[in-house]
Amino acid sequence: MNLSLFRSLATGVMSFVLMNTHALADDAAVLATIDTNQEAQVSLLEELVNQNSGTLNIEGVRAVGEIFDREFTAIGFKTDWIDMPAAMKRGGHFVATRKFGPGPHVLLVGHLDTVFEPDSSFQQFTREDDVIKGPGIADMKGGDTVILFALKALIETNSINAGTVTVFFTGDEESVGKPGDRARREFIKAGKAADVALNFEGGSNEWAVIGRRGSSSWTVEVTAKRAHSSGIFNDNVGAGAAFELSRILNRFYGEVRGPKGLTFNPGIMAAGTTVDTGATPYDQTAYGKSNVVAQTAVARGGLRFMNAEQLEAARERMRGIVEDSLPHTSATIRFSDAYPAMEVTPENEALLDKLNAVHSRLGIEPAKSFPPERRGAADISFIAPFVTSMDGLGVSGNGSHTPREATTVTSVKEATRRAALLISDLLSE
Ligand SMILES: [Zn+2]
């Protein structure tokens with residue numbers, strides 16, 4: 001090895017060591033502040049959980065928004081409340097922003113609402129040693145406090161001197177107001193304005209969510225010739241609506257099924273002389289006789305997908321199958337969108353590497369990418385098509401959406417530690 005190469009290598013190692021020690025020194029101050037604030041964090045979580053905020057409890061969702069307004073104002077954020085039109089019957093969304101300097105724009109996502117409405121028997125925060133329980137404690141008031149206390153620790157230790165942070169807490173994550181594009185208009189705008197978005201739904205050190213399937217729905221409607229059953233199959237009567245719907249679903253099963261992560265489920269179907277689709281899409285009543293060829297048939301289902309191309313290809317195949325009608329029948333298929341897919345992009349994978357750099361500084365094993373086909377849709381899905389995204393950064397919980405919902409003080413602390421270091425790294429890029 002020649003001397004100059006040795007020197008430049010040695011300098012490289014030196015500056016790496018210096019940089020790393022610097023980062024570790026900063027880390028120590030931030031982590032110590034998180035520890036100091038831990039009881040305050042748990043108390044705030046208690047206050048949040050004891051304020052009911054079922055999605056349809058508009059006043060309750062706003063009251064939780066007021067608590068965050070107080071807390072984010074106290075750490076120098078400019079806050080705002082976005083009302084939804086009254087007809088949507090939703091509380092609205094909370095937004096807080098603070099610009100620290102030039103640099104990246106980081107969006108931190110949570111939600112204010114829970115699945116527990118005021119008539120639920122599950123309303124109270126309880127604590128027993130490390131275990132804390134309550135409605136929405138893991139999904140996701142715990143995650144909301146992770147965002148607040150991570151930022152609080154960074155601000156109290158003067159660790160942020162660049163970039164902009166926007167906090168966006170939706171008020172209707174558990175049951176998105178309709179129309180969905182109105183309900184998520186400002187949120188999507190915030191996603192487009194950001195360089196990176198982190199969502200704090202329930203998580204664990206072991207897994208990070210950098211992909212989630214999208215979800216959508218479809219309806220097949222068949223009409224056929226009503227006739228005496230003795231004529232079925234002849235040139236005048238044809239196959240009837242029941243056989244036609246069966247053909248369609250059978251071919252969906254045989255020809256559309258296959259690509260990894262693509263699933264579709266006919267949840268309800270009916271065929272007969274008449275089908276009353278009822279007041280809601282979930283309620284169908286059929287009337288028919290065994291000696292009358294069915295005149296009408298309806299099936300409704302869901303469809304989950306890994307990315308937009310897979311969705312479009314599946315829809316195209318379904319349309320082709322629907323058009324290939326049996327004699328004297330005709331059918332239509334309608335699709336509707338709910339959540340876009342959060343695709344595992346190279347940018348999201350690079351974000352996971354950044355999280356794992358934090359894991360390594362905290363001495364925890366690297367997180368793996370959670371299989372997208374096993375995770376349901378969430379708010380992050382609406383913005384993932386526009387911005388580098390990761391989810392699952394909240395507290396590790398169990399029994400979400402049940403009266404056993406719980407997490408631990410330890411998990412609240414661990415999630416806050418890794419969030420603080422990750423946010424700090426992203427802002428100083
Ligand atoms: Zn949630």
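Okay, let's start with the overall count: this protein has eleven helices and 17 strands, where helices (H or I, at least four residues) and strands (E, at least two) are DSSP runs, numbered from the N terminus. Bear in mind that this is a predicted model, so local features need pLDDT of at least 70 and side-chain atom pairs count only at pLDDT 80 or more, while totals for chains, interfaces and linings use all residues. Residue numbers run from 1 along each chain as its sequence is written.

The C-alpha trace spans about 90 × 65 × 40 Å along its principal axes. Of the 429 residues, 44% are buried, meaning that 20 or more other C-beta atoms, placed from the backbone, lie within 10 Å of the residue's own (exposed is 12 or fewer, partly exposed is in between).

Now the domains, with bounds from an automatic or database assignment. Domain 1 covers 13–212 + 342–427, and domain 2 covers 214–339. Their C-alpha centres lie 41 Å apart. Six residues from domain 1 and seven residues from domain 2 make the contact, with contact defined as C-beta atoms, placed from the backbone, within 7 Å. With that contact cut-off, 79% of the contacts between residues at least 6 apart in sequence join residues at least 24 apart.

On to the sheet. We have an open sheet of six strands, in the order E1-E2-E6-E3-E7-E16, with mixed pairing; two strands pair if DSSP finds at least two bridges between them. E1 and E16 (388–390) are the edge strands, each pairing on one side only. E7 (residues 196–199) and E16 run parallel, joined by three bridges. One pair to click on: Leu 198 has Met 390 in E16 as its bridge partner.

So what do the buried residues of H3 pack against? Strands E1 (78–82), E2 (93–99) and E6 (164–170) from that sheet order, plus helices H2 (38–50) and H4 (137–156). H3 itself (residues 58–74) has 17 residues and reaches 25 Å from its first C-alpha to its last, close to the 24 Å expected; that expectation is 1.5 Å times one less than the number of residues.

Its buried residues are Ile 58, Gly 60, Val 61, Val 64, Gly 65, Phe 68, Glu 71 and Phe 72. As for the spacing, an α-helix has 3.6 residues a turn, so residues three or four places apart point the same way. Following H3 comes Gly 76, with a positive phi near 85 degrees.

Key
Contact = placed C-beta atoms within 7 Å.
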